[in-house]
Protein chains: 2
Amino acid sequence: MKEQVHDAARRAGLAATVLATLPRSAKDAALQSAADALVAATDAVLAANAQDVEIARGDGTPEHVIDRLALDPARVAAVAQGLRDVAALPDPVGEIVRGSTLPNGLRMQQIRVPIGVIAMIYEGRPNVTADAAGICLKSGNAVLLRGSSSASHSNAAIIAVMRDAIASAGVPADAIQIIAADDRSSAQHLMQARGLVDLVIPRGGAGLIEAVVEQSTVPVIETGVGNCHVYVDADADLDMALAIVLNSKTDRTSVCNAAESLLVHKAVADVFVPRVVAALHDAGVKVHGDATFVAADPQVLAATDDDYATEFLALEISAAVVESLDDAVAHIRRFSSHHTEAIVTSSLSAAQAFAVGVDAAAVMVNASTRFTDGAELGFGAEIGISTQKLHARGPMGLPEMTTTTYVVTGSGHTR
Amino acid sequence: MKEQVHDAARRAGLAATVLATLPRSAKDAALQSAADALVAATDAVLAANAQDVEIARGDGTPEHVIDRLALDPARVAAVAQGLRDVAALPDPVGEIVRGSTLPNGLRMQQIRVPIGVIAMIYEGRPNVTADAAGICLKSGNAVLLRGSSSASHSNAAIIAVMRDAIASAGVPADAIQIIAADDRSSAQHLMQARGLVDLVIPRGGAGLIEAVVEQSTVPVIETGVGNCHVYVDADADLDMALAIVLNSKTDRTSVCNAAESLLVHKAVADVFVPRVVAALHDAGVKVHGDATFVAADPQVLAATDDDYATEFLALEISAAVVESLDDAVAHIRRFSSHHTEAIVTSSLSAAQAFAVGVDAAAVMVNASTRFTDGAELGFGAEIGISTQKLHARGPMGLPEMTTTTYVVTGSGHTR
């Protein structure tokens, strides 16, 4: 298995050297060609997907998980449209990030270049496969896709179609490769292929991400675990707070930018806690609260530290009353996954102190946590939401999939 | 030892939350105060340094290594001036990297913030200790300094003075801490203090950096291994080429941006190889060359693949003739450490192909490899030269010591 993974990585490296010099027009043509081919191959993709769904049903997989796995013609068309959307985005490669002429006449430019070979290790839906391939291709990177075995037939069908299509458009097929998921060791070989793989991006649950961080010798960008808080300040508009809590928690529960915990300043607790508990219960949300929340409604469950640390990804929320904004910040720093933290307040100083204090990829002031999203923030496509501090933090679009080279031009300059 | 390291990291974390909100004026005042204090404490620092030098002499350390370890009043004054220079640089914290008002009225800003707690694991001279502390303080980060045991008395004396000085200027002393180097395990505990340390920067030889990359669970920025090449193209001005080769190799041999390998296009080999070999020999440089080089001068040693892979850091260079620019690029991709690669050419297309092809942090066109340097490129202070692709590539100045937070402000926005 190790040799297979290393061979694939070497082929990806060769493809990457070609990709690095392709003009935007060639990459966009390949993406359009892949989109056309996917739509044309809808029947084949759906047949492969039906195999995955059948195996999942046989394994007793819950229906809501199968719903995320299952494709239909509209979903295939959406995947193809995603590739066209990536083609329409500006090419990050070649952007001059910084440039100057130095006092000695040297001309210095810092230029965006592709990273090289990216390994994606991910769980979940087949559409991630095509999205990741499209984003990597557009940013000039070769990609090794190691998806979930539960989607293996769908992923193989999608990538077979895309490889043929980009090859016919003059882009090396090996720019996009599947790494077989049937052998669990393939992920390990990928993340230890130092010198062959430039970056590993794990995308999935906390367990997957932790395993990659522990074992990888290749640089990693962690994505997506979101234990996001909404803090309702003493100076909050309580109608606004109620709307933001409900939207952050219930708009979509399975996503990393959903709220998982609610903090309420004691000055507004008497009024707000009963109101928000009633509204959350009406929305079908189970509440794990502290003594004040339990006192407000006997249906509230007594919260443990584990509850405050949990990313529920379900209609479930932890909740507590805090003595002050500082206490709210301290609570968040203790339990946060550094993804998104929201404050509802009309106080400018409270908003500023919260933003500096919570140490998060994104801070929402009087807005739902759900806005931490590449599309919502206007970045176009997104390959994930980084929760680490290095390289990229928050939604990762095309520029985050590049590095830079300093090119310094002289006329015989020596020191 | 683990508990000591973790305690230090926790105290650093508390100091970091204070540092993150300090205005530039407070940080600059602390740096000036530390500079004044170091000059005032010159005698104490030199006494501590004399202990290190005595131990090194007793261990039979070579004189050129002792020369780098030894301080004198002028060197202490230079260290203090380095801190004043950092104080004079712009504060990266609070810079708004990107900002826009979205179609729905949300205002989005991407703001530079400190990374948090930085661990430096380094070898070498005591001046690195003060430099690193100054750069981290200015960029709002707390730093854990794990230097070489050979400089432990000097490092302890410098940091004791700096801690007192910054504390008297109102900055928490724990923003700057020494991690004892007498127990080798302290480095390991630092690089595995996930959640307590945000970034590890190893600075030293290839062995140190490899060990950190293998063992760290904290994100790492690799620095400083430079197997740098000078490629003399078919279209090179050969006088210029000779000057650039000599300067790149001999200006300073112990630095990462010194040249370690020379490639010559076959079209100019007849003329250039004998000339450059004679000049290198005149400068006292030992040459490990291929058959053409050996044929040019019997003093040239036959080069092995190991020679082409070696960062000599001495008056020693590997050399080969290549068939083409593509061959030069292929050779460099095989042996490079992705630091700095230079081309001497009058051909625009050759310069462009080389820059895109070699996959380096910095490419010099008709200039010495020695220009890959924060001060030379106008960045001011530099904490190291990153040879990895993530987060920072090339000389790392103050902005590279920060991450960002997206702050999104609405008026009750929900999705």
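Two strands are said to pair here when DSSP finds at least two bridges between them. That criterion underlies much of this tour of a predicted model.

**Start with strand β16 of chain B**

Select residues 402-413 of chain B, which form strand β16. Nine of its twelve residues are buried, so the strand is largely enclosed by the rest of the structure. Add strand β2 of chain B, residues 107-114. β2(B) and β16(B) pair in the antiparallel sense over eight bridges. Within this pairing, B:Met108 stands opposite B:Val408. Strands of a sheet pair through backbone hydrogen bonds, either parallel or antiparallel.

**Cross to the other chain**

Keep β16(B) selected and add β13(A). These two strands pair in the parallel sense over five bridges. To find the register, select A:Val363, which stands opposite B:Val407 in β16(B).

Now select the reciprocal pair, β16(A) and β13(B). β13(B) covers residues 362-367, and five bridges join this strand to β16(A), again with a parallel run. Here the bridge partner of A:Val408 is B:Met364.

**Follow one sheet from edge to edge**

Which strands make up the sheet that contains β16(A) and β13(B)? Ten strands form an open sheet, and their order is β1(A)-β2(A)-β16(A)-β13(B)-β12(B)-β7(B)-β8(B)-β11(B)-β9(B)-β10(B), with mixed pairing. At the edges stand β1 of chain A (96-101) and β10 of chain B (301-302); each has a single partner strand, so one side of each is left without a neighbour in the sheet.

Pause on the chain B part of this sheet. Select residues 228-232 and 340-344 of chain B, strands β7 and β12, which run parallel and are joined by four bridges. B:Val230 stands opposite B:Ala342 in β12(B).

**View the interface as a whole**

Colour the residues that touch the other chain: 53 residues of chain A are in contact with 53 residues of chain B. On the chain A side, α9 (206-215), α10 (238-250), α15 (348-357), β13 (362-367) and β16 (402-413) each supply at least two residues. β16(A) gives the most, with eleven residues. By class, the chain A side has 26 nonpolar, 20 polar and seven charged residues.

**Locate the symmetry axis**

Superpose the two chains. Chain A can be laid on chain B with an RMSD of 0.1 Å by a turn of 180° and a shift of 0.0 Å along the axis. That is the relation of a two-fold axis. Select A:His391 to find where chain A approaches this axis: its C-alpha is the nearest in chain A, 1.8 Å from the axis. The same surface serves both copies, since 100% of the contact residues of chain A recur in chain B.

**Move to the helices**

Select α2 of chain A, residues 24-40. This helix has 17 residues and reaches 24 Å from its first C-alpha to its last, close to the 24 Å expected at 1.5 Å a residue. Its buried residues include A:Ala30, A:Leu31, A:Ala34 and A:Leu38. To see what covers the buried residues, display α3 (42-58), α5 (73-88), α6 (126-138) and α7 (152-168) of chain A, which are among the covering elements.

Next, select α6 of chain B, residues 126-138. Its 13 residues should span 18 Å at 1.5 Å a residue; the end C-alpha atoms are 19 Å apart, which agrees. Twelve of the 13 residues are buried, so that α6(B) is mostly covered. Among them are B:Val128, B:Asp131, B:Ile135 and B:Lys138. Just after the helix, select B:Gly140, which takes a positive phi of about 80°.

**Compare two loop residues**

Is A:Asp72 buried or exposed? Select this residue in the loop between α4 (63-69) and α5 of chain A. A:Asp72 has 11 other C-beta atoms within 10 Å and is therefore exposed, the limit for that class being 12 or fewer.

Then select A:His338, in the loop between α14 (325-335) and β12 (340-344) of chain A. A:His338 counts as buried because 23 C-beta neighbours lie inside 10 Å, where burial requires 20 or more. Leaving aside residues up to four places away in sequence, A:His338 touches A:Asp359, A:Ala360, A:Ala361 and A:Thr387.

**Finish with confidence**

Colour chain A by pLDDT: its mean is 95, and 100% of its residues reach 70 or more. For the model, ipTM is 0.93 and pTM is 0.92.

Note on methods. Residues numbered from 1 in each chain as written. Chains lettered and ligands numbered in written order. Predicted model: local features only at pLDDT ≥ 70, side-chain atom pairs only at ≥ 80, totals over all residues. Least-squares fit on C-alpha atoms with pLDDT ≥ 70 in both. Contact = placed C-beta atoms within 7 Å. Expected span 1.5 Å × (residues − 1). Nonpolar A, V, L, I, M, F, W, Y, C, P; charged D, E, K, R; others polar. pLDDT = per-residue confidence, 0-100.
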